[in-house]
Amino acid sequence: MGVSLTRAAQWTTASSGTGKLEFTSMNESLLKEILRFVEQFSSQHSQEAEHVFKEPLQWSTTLVASDFKTDYDFSDSDVYSHEKDSEGHPLLQLSPPAVCVRSFSQLSKLVHLASDKKLEEVRACLEENREPVVKILGPSFATILEGEDPHSDLLRLVDKEEDRGEDWEVKVKLFHLLHDMDKQLLKELLKEISEQAGLDPTAVKNEVELLKRFCSEGEKRVLKSVRYTSDYEFSNGCRAPLWRQVHGDICYLVIEPCDTETLYITCSSAGVFLNGGIKQEGDENAYERTSDTYPDLVTLLKSRSPHFAENINKEDFAVQELPSTQKIQHVESVDAEEQGQPQRSYEQQEKNVHEKPRQQHTLNKAGGEKKYEPCPRWKDLSLMSPCGKAEEKKPSKSSGEEKSGEIQKKKLGPGAKSKMKADFSVSSLPGRLSSQKIKTPAGSMPVDVFSESSSESEEEEEQPERRPESNTDLPSEYWQIQKLVKYLKGGDQTATVLTLCAMMDFNLMQETCQLAIRDVGGLEVLINLLDTDEVKCKIGSLKILRRISHNLQIRRAIVDMGGLQSIVKILDSTVKDLKALAAETIANVARFRRARRAVRQYGGIKKLVKLLDCVPNLASLTAKQEKDVEVARCGALALWSCSKSTKNKEAIRKAGGIPLLGRLLKSPHENMLIPVVGTLQECASEESYRIAIQTEGMIKDLVENLSSDNDKLQMHCASAIFKCAEDKQTRDLVRKYKGLQPLASLLSKADNKQLLAAATGAIWKCSISMENVAKFQEYKALETLVRLLTDQPEEVLVNVVGALGEFAQIPANKATIRKCGGIKPLVNLLTGTNQALLVNVTKAVGACATDKDNMAIIDQLDGVRLVWSLLKNPSADVQSSAAWALCPCIENAKDAGEMVRSLVGGLELIVNLLKSTNNEVLASICAAIAKIAKDKENLAVLTDHGVVPLLAKLTNTTDDRLRCHLAQAIGHCCMWGSNRASFGEAGAVAPLVRYLKSKDNAVHQSTAMALYQLSKDPNNCITMHEKGVVKPLIHIMGSDDEMLQEAAAGCVRNIRLLAQANRKARLFY
């Protein structure tokens, strides 16, 4: 509560007043620890709890008089505690909304009374009492608490203090308690920071060099080889091409283990993972991640190579202990903003041509060596080349621009426009092209110019411009507007205002009019007008820019000319109309990546957040307040456009935008709510926003707005719930505030596909909780969802099928899906190509297949063959989901053995998937093999395809989920021929014994069963006994699970029988 709050807590720079605690997972952990401390304080430290604070803690509370019990005195809406301090002040006093607390005992009681708003109260208390220790113990104790040696400083204070009161000893004890609490908080926060840390190039390089030492020949060899795909190293330590460094990539490795196939690895600031097979630099179709992300190379190699995992920890390698990976909290090779975005395939990334500069490689003719140079776009951005030279381009003027400038100077004269600061000529504008120098407050572009993460494609920047084939095709408005622009360039202030008014009379939403302004140089003039001191000129210019910026070519031109900088500056104006127009223009312009980046770089995010500070929900507003509300609405519109960028979302949060958006969410006006909810649902992809939406009570407002008559508002509210409902607390809150019925009722609006996609998505995520499923059943949502399985776009189908998969977890719903005719459309969807849809469909089919009547229909429709064919899908998620779905299909099929054998090549496909590197795929395949192996003929075929050595190879895994299903598969595969002995020869027995140390009971059960089957081979019994299996098995025999008892007892019995046979053999022979 001392150092942890001042140094470790994350505070915003709010637009009005004191900063607020940010909605981050770190702050959430800190608040929960403080809450736990306060709740338990009275019961654990009764004497210290009664100590009266030096000054009271005061804050705005959500509690009212009715929340308090009979232990307090009441006066109208005020509440007073019975206990008072020496001066007669009550230790707790409530005068809504302010509360005043003077002791820990009252603080503890208040927190208990807050019920589900406990965290909200703690947050408010800390935000309004930034230095609580000063108020609790006084400034002298607070200074000691924040010092380097608190105990020594405390002793000196005790020695100095001559007048010690009766409570001095209690104060010292309280100080020690707060100091211990502070240390505990910092310890927890440091732990969380360490878990969030990433890799840097130096750490990767050190680890690679150390791994290369393990590539020696002979018995001590752990790896065959370790090499980089590129020998060239950039000045920042990275070896990845510049266009991949944008995504956080550091380098690419090719590692050959001794016991598995070659591994192609990407090292990035987010961790290390397997890629699609980058053998050398330039393999542009292989950057996609194909495995889980690991914290370092050693962890990845341990999970992939049993030989490496076994030998790396031997004494021979103890001397070469790997250095601890250097971790820092933020590492960006060039700019890794897009790390927070979902992984995308290279084919999708290829489309974003502006985002992917390619590195050029040429041969040095003299020396025959490679010469590496950045592509032209990197030079345009003034990126330093590896040699340390910066490339610059100088802007050039066309003759037309020079002429325009001369005419302007002649017309204005030296004193014609004394108040006009900007030259209206085209030549006066810096940065007409993106490669030219763009004006910034500091005179140059900030560092993060190189990348921008966004959910919106950059393709709009590249769309070809549509132009008429000849001038004769142009309407008269085109030429009239061109004449007006000429007057605009040459007129005085009055003429300028009149010309702007005349231009407003045209239909500026028409493309011809928009392009007419641009073609004759009108955009430059309009942007330069924004730098004048004339408010009327600025307003006229912004009104025109606001309209014409709906055109994507105009948007690009405004950004290329540096116009956004001038527009952002206007956000600081004292004229509210100007601020509103500027914000609305930004909302239109910031619809592509480069514009959103520019808004952030010019400081526009903080300024836009300030615009949100108004009082939107008063019953009657004054004219001044109405203008404030309109400014806030325009600010919310601009933030909505900007929030499609990950970095902008972070900037909005740091600027204190979340509480302001939460306040605006209570507005009764739909035109305010739509941009506010739109911004929130866009930002809800970030965890910090999801926590805030939940803790700030926004779920209640979102649920209330689901009942609005406005489809667009309903869509954004449902979309926000869709993104937030991954968390159980959010799902419970939606149910608590009666949001499930409005969601179910939205299913009737099947014509509005966007609304339907959002509503079905919210229903899907909410139905993860079975309590919500029961409620949805009351509203007949299941029947409606089944009807939506046909004639719907894929974004709707993904959500509908996902919801059906959750509904089908309840047995009664499986019959309902069948009766409503839902099985056939589900099976038909198995032929699709959308991977997200296929994952959900296989899950739903698998859930329905647990019902035998449903399974009969699935088999009749050839559904099992379709599911089986999905095992060939390149996506690991689809493969694992299909394999899990096969388990209930095989278990509940009428003649499962014959059905499986009828699938040509099916068993070979299953066995080959045991070579996968994805643990989820391996676990699901092992589960399917356990079901298939129950049929003797199928088990014989599996054995012929080499299932035994492949299963044995996986036994060194540490993943408990995989262990459980792997042991089951081994146990069932023992039932054929000499498979028991083959497992022993393949080294599968010893690792299985280690499984008994797992804490997972399911692992114990499947392992005991496998060991029992393996123990029927004498050599396996010897191995088990050597590895100490008897003791854990005897312990397991005391389990309440009868199957577990029998398997353990059977295994011990077989070991004992072998021992007795050996003893008899020694005695009689």
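In this predicted model, strand 8 and strand 9 run antiparallel and are joined by 4 bridges. The two strands form a hairpin, with 2 residues between them. Within this pairing, Ile265 of strand 8 faces a partner in strand 9, where Leu274 stands opposite.

On its other pairing, strand 8 (residues 263-268) meets strand 7 (residues 249-257), again in an antiparallel arrangement, and here 6 bridges hold the two together. A hairpin makes this connection as well, leading from strand 7 to strand 8 through 5 residues. Two facing pairs help the eye find the register: Leu253 stands opposite Ile265 in strand 8, and Ile255 stands opposite Leu263. Ile265 is thus a handy landmark, with Leu253 opposite in one pairing and Leu274 of strand 9 opposite in the other. Strand 8 is also mostly covered, since 5 of its 6 residues count as buried.

Stepping back, these strands belong to an open sheet of 4 strands, paired antiparallel in the order 6-7-8-9. Strand 6 (223-228) and strand 9 (271-274) form the edges, each pairing on one side only. From one strand to the next, the twist averages 25 degrees. In general, strands of a sheet pair through backbone hydrogen bonds, in either a parallel or an antiparallel fashion.

Two helices pack on this sheet. Helix 10 (residues 201-212) touches strand 6, strand 7 and strand 8, and its direction makes about 145 degrees with that of strand 6. Helix 12 (residues 297-304) touches strand 6, strand 7, strand 8 and strand 9, with a direction at about 155 degrees to that of strand 8.

Attention can now turn to charged side chains. A search of the whole structure finds 35 salt bridges. Side chains of opposite charge can pair when their charged atoms come close. Three of these pairs are described here.

The side chains of Arg594 and Asp560 form a salt bridge, with an N to O distance of 2.7 Å. This pair links distant parts of the chain: Arg594 lies in helix 25 (residues 593-601) and Asp560 in helix 22 (residues 552-560), 34 residues apart. Are these two partners buried or exposed? Arg594 counts as buried because its relative accessibility is 15%, under the 20% cut-off. Asp560 is buried too, at 12% relative accessible area.

A second salt bridge connects Asp732 with Lys728, whose closest N and O atoms are 2.9 Å apart. Both residues lie in helix 34 (residues 728-736); because they are 4 residues apart there, about one helical turn separates them. Asp732 counts as partly exposed, at 22% relative accessibility. Lys728 is likewise partly exposed, with a value of 44%.

The third example joins the side chains of Arg901 and Glu937, at 3.6 Å from N to O. Here, too, distant parts of the chain are linked: Arg901 belongs to helix 46 (residues 896-901) and Glu937 to helix 49 (residues 936-944), with their positions 36 residues apart in the numbering. At 28% relative accessibility, Arg901 counts as partly exposed. Which residues make up the network of salt bridges that includes Arg901? Glu898, Arg901, Asp935 and Glu937 are linked in this way.

Technical notes
Residues numbered from 1 in each chain as written. Predicted model: local features only at pLDDT ≥ 70, side-chain atom pairs only at ≥ 80, totals over all residues. Heavy atoms only, no water. Pairing = 2+ DSSP bridges. Axes fitted to C-alpha atoms, helices over the stretch in contact; angles between N-to-C directions. Contact = heavy atoms within 4.5 Å. Salt bridge = Lys/Arg side-chain N within 4 Å of Asp/Glu carboxyl O. Buried < 20%, exposed > 50% of the residue type's maximum accessible area, 1.4 Å probe, protein only.
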